[in-house]
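Take a first walk through this structure. Begin with one charged residue, then move outward.

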Amino acid sequence: TANAPIFGIDTNGKVTEWNAKASSLLGFTKSEAIGRDLVSSFITEEFKESVQSVFTAALHGNETANFEFPIFTSDGRRKDF
């Protein structure tokens, strides 16, 4: 069992993986998260553009190290990752 939240997205930004730690920290079950657009559904407004830019760069083979961003919990709180 991972001790860190792990999520995966496809080339369209849809969640394809959501581990148990992500569920426990964020309050969304795997079935609630799978298929949703990560940026539009879970990222706070002021970080949507920068997070999307990092994901787009990654799809083009450009790595970004140590990128932290806030994500919403199921009850609307903000958590920084």
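**A buried charge and its surroundings**

D37 is buried (under 20% relative accessible area, with a 1.4 Å probe and protein chains only; exposed is over 50%, partly exposed in between). Yet D37 has no salt bridge (a side-chain nitrogen of Lys or Arg within 4 Å of a carboxyl oxygen of Asp or Glu). The nearest side chain of opposite charge, K14, is 4.3 Å away; Lys and Arg count as positive, Asp and Glu as negative, while His and the chain ends are not counted.

This is a predicted model: local features need pLDDT of at least 70, side-chain atom pairs count only at pLDDT 80 or more, and totals for chains, interfaces and linings use all residues. Residues are numbered from 1 along each chain as its sequence is written, and side-chain values use heavy atoms, leaving out hydrogens and water.

Where does D37 sit? It lies in the loop between α2 (30–33) and α3; helices (H or I, at least four residues) and strands (E, at least two) are DSSP runs, numbered from the N terminus. A polar atom of the D37 side chain lies 2.8 Å from the backbone nitrogen of S40.

Now turn to the salt bridges. The count is five. One of them pairs E17 with K30, their closest N and O atoms being 3.2 Å apart. This pair links distant parts of the chain: E17 is in strand β2, K30 in helix α2, 13 residues apart. E17 is partly exposed, at 33% relative accessible area. K30 is also partly exposed, at 40%. Elsewhere, D80 and R78 meet in a salt bridge (3.4 Å, N to O). Shared partners join E46, R78 and D80 into one network.

Technical notes:
A polar contact is a pair of N or O atoms within 3.5 Å; within protein, one must be able to donate a hydrogen and the other to accept it, and residues adjacent in sequence count only if both atoms are side-chain atoms.
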